[in-house]
Amino acid sequence: MNKILSELNEAQRDAVKHIDGPLLILAGAGSGKTKTITTRVAYLISLGIDPASILTLTFTNKAASEMRERALSLIESVNYPPTLCTFHKFGLLFLKFNINKLGRNNNFVVIDTDDKKRIIKSFGIDLPISMIASEISRYKNSLISPKEVFEKAERKNYKTIAKLYEQYENYIASNNLVDFDDLLVLTYKILEQDIELCKQTSDRYRYIMVDEYQDTNELQYRLLRKLCENHENLCVVGDDDQSIYGWRGANIKNILEFHESFDEVKITKLEVNYRSTNQILKTANALIEHNRERIGKNLTSDFGDGKEIAFIESADENQESQTIARKIRKLIDTGADPRSIAVLYRVNALSRSLEEGLNKEHVSYNMVGGIKFYERAEIKDLISYLRIIANEHDDYSMKRIINKPKRGLGKVTIDKFLKAAYESKMSLFEYISTHEAEVKSIASKKSFVALYEFIENIIKLKELSSDNSYDFIFELEDTFKIRDYYSTLPDAVDRVSNIDEFYGLYRDYVKQNLEMSVDEFLNDLALQSDQDQIDYEHISIMSVHASKGLEFEYLFVIGLEEGFFPLIGDGSDIEEERRLGYVAITRAKRELWLSCVGSRFYKGRRATLKKSRFLKECGVCKGSLVLEKTTSFKKGDLVKHKIFGIGRIFEISKVKREFKLKINFSGTKRDILASFVEKI
Ligand code: ATP
Ligand code: MG
């Protein structure tokens, strides 16, 4: 037991040893909040508390698996590990056992945001799909039914949205699909309507912990209250300065009013930072001090002053990425572990030029987030095959693959099937399997044969899949030849290698989860979050949001310009932007570079930009600012101008803070400022 507590300071130890009753640990970045709760898990187990009664919740799978590792490394062995997962994964586990309470079958399939949008799109309306998807999400998270939305709607558009919301809910329920919101909403509804089950569940999880509590929303709070029906052993940790999901409905009041929501709350503050040097903390503190809505705390570190924060100012994004890529190259060449280096940006679109720069310097990187592997068409197709095998009533997936690879079925034919299936109150698969004569009259002879072959193959694979064999995925390929199909399409090399990667992933999953079923595999896939894609042989590049809870020895934050960071636009909140700045800076352990550019090419045009106010607020821009004396343009470069077209640079000079280029546009020579052209 001493070993478990030995690495903690007194305040942390105090928190770990508090066993019964609500506990709030409110502390700044890098002060060991996560370390405290992982240690607490181990400590509770060391006291003989049943690991199965400990539930620890967080926001990303990556954070959950790191926490599990940390906790388990502190204890000798347990028969079964404590539950330590994301809120959504908890919902998934709960629904697997209890969704029948809502009259639904537990072979449901979890759909992601992209699937959700496609479903909405299929309703054929001319309102923006993303807006509707997020409105629906907002209603669901606020537990408002379609009927209530309809009754309260004053404008016609909202009445339309209410109808779509209803149509969407009916669609996913009848296809036995569950979206991300449902994982929490349905869990909450079941616990609310079944008081006995609620009590049993609360008794089962006697010790509950939540990391990053500042980012919980109202629904998560209500769910936690249900889980605390029979006790108040809830320990939450968080930092009001790191609340960055306001735009998604996180409610900072949950943490600020925690001591009022529960009785006799013990509050612990942790004040020493074990992550960063004082220079880094000073910068972070100076920035966040400009926010008004905060409790206020100051972090200090034992690590000494460390290096001064470096400021990089470049003419444009090409120069910025070149400078940063070279610095990273040098760090790696002089022995830094690539895993300890990261570049963060506020806006995903900034990754493109950064990637180019890194490629030129041969720095391998892993982009966390971005275009996700699972969002590629070929992978979605494979997933749809698996979904149909897990649940043949999933019309959404059936529609996706019924003619892929080609079986001679056109849209008109498929629509006829859908209509007939709908009228017979059956799923598409069920209808086709049971109405041979009707199908024959709709489809051509050739496609009829192909279609029934498809149906038989799915049934055959469904039987095979229950053996959960390693080879099942090869059977799938041999039967449907999806790989072959994609090898004849454009981008074949990429697509085929993605498919191979997916097959590899599946086999790996079978190896690690011997008892698994296809739908478990699918549901775990759907829960993959951005952070799960970090690969440990490369440097990492990611958005500030994705970096929450992580730490890196060497950190670059790019794009510190007004408009980009802080992001300024509809509904942006400057205090939340500043908290994002604070999260970004506090990811750094040893060295930090902050970077901005004079102009950036964005959304089809080059914009001249001002330095971010954050640079001044955090004290990095006090001294004289030196514009780097180089530009990424060289004599002889081909460039493109919006009006004059393509030309070649034959001279470069400097005018104040900008570079002037002499360009030859098919014989006509012109002087143009560098920020008005783009390199090609
Ligand atoms: P964030 O707010 O960013 O999530 P956090 O408060 O959760 O940060 P941790 O990630 O738990 O902080 O800890 C930050 C770093 O400090 C980790 O590397 C951790 O191992 C180390 N650390 C925490 N507490 C101590 C301690 N008492 N002694 C030595 N190192 C510690
Ligand atoms: Mg943490």
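The following dialogue examines how several descriptions of this predicted model are justified.

Trainee: Why is Asp115 called buried?

Mentor: Asp115 has a relative accessible area of 2%. The term applies under 20%, so Asp115 is buried. This residue lies in helix H6, which covers residues 113–121.

Trainee: What makes the pairing of the Asp115 and Lys380 side chains a polar contact?

Mentor: The distance between these side chains is 2.9 Å, and the cut-off is within 3.5 Å for a pair of N or O atoms, one able to donate a hydrogen and the other to accept it. The pair therefore qualifies. Leaving aside neighbours within four places in sequence, Asp115 is in contact with Arg387 and Tyr396 as well as Lys380.

Trainee: How do you know that the length of helix H28 agrees with its number of residues?

Mentor: Helix H28 has twelve residues (574–585), which at 1.5 Å a residue should span 16 Å. The expected span uses one less than the number of residues. The end C-alpha atoms are 17 Å apart, so the two values agree.

Trainee: Why is H28 called mostly covered?

Mentor: Eleven of the twelve residues of H28 are buried, and the term requires a relative accessible area under 20%. Among them are Arg578, Leu580 and Tyr582. The cover includes helix H15 (278–288), strand S12 (341–345) and strand S16 (588–602).

Trainee: What makes Asp573 a cap for the N-terminal end of H28?

Mentor: A side-chain oxygen of Asp573 lies 2.9 Å from the backbone nitrogen of Glu575. Because the limit for a polar contact is within 3.5 Å, this distance satisfies it.

Trainee: Which residues touch the most other members of the largest nonpolar core?

Mentor: Of its 47 residues, Leu386, Met398, Ile432, Phe454, Leu476, Phe502 and Tyr506 do so. Helix H18 (residues 377–390) supplies the largest share, eight residues. Not counting residues up to four places away in sequence, Met398 touches Ile388, Leu428, Phe429, Ile432, Phe454 and Ile455. A second, separate core of 42 residues includes Phe108 and Leu219. In soluble globular proteins, nonpolar side chains tend to be buried together.

Trainee: How do you know that ligand 1 has a polar contact with the side chain of Arg587?

Mentor: An oxygen atom of ligand 1 is 2.8 Å from an N or O atom in that side chain; since the cut-off is within 3.5 Å, the pair counts. A nitrogen atom of ligand 1 is 2.9 Å from an N or O atom in the side chain of Gln12. The protein covers 85% of the 640 Å² of accessible area that ligand 1 has on its own.

Notes: Residues numbered from 1 in each chain as written. Chains lettered and ligands numbered in written order. Predicted model: local features only at pLDDT ≥ 70, side-chain atom pairs only at ≥ 80, totals over all residues. Heavy atoms only, no water. Helix = DSSP H or I, 4+ residues; strand = E, 2+ residues; numbered from the N terminus. Buried < 20%, exposed > 50% of the residue type's maximum accessible area, 1.4 Å probe, protein only. Contact = heavy atoms within 4.5 Å. Core = buried A, V, L, I, M, F, W, Y, C linked by side-chain atoms within 4.5 Å. Areas by Shrake-Rupley, 256 points an atom, 1.4 Å probe, with all protein chains shown as cover.
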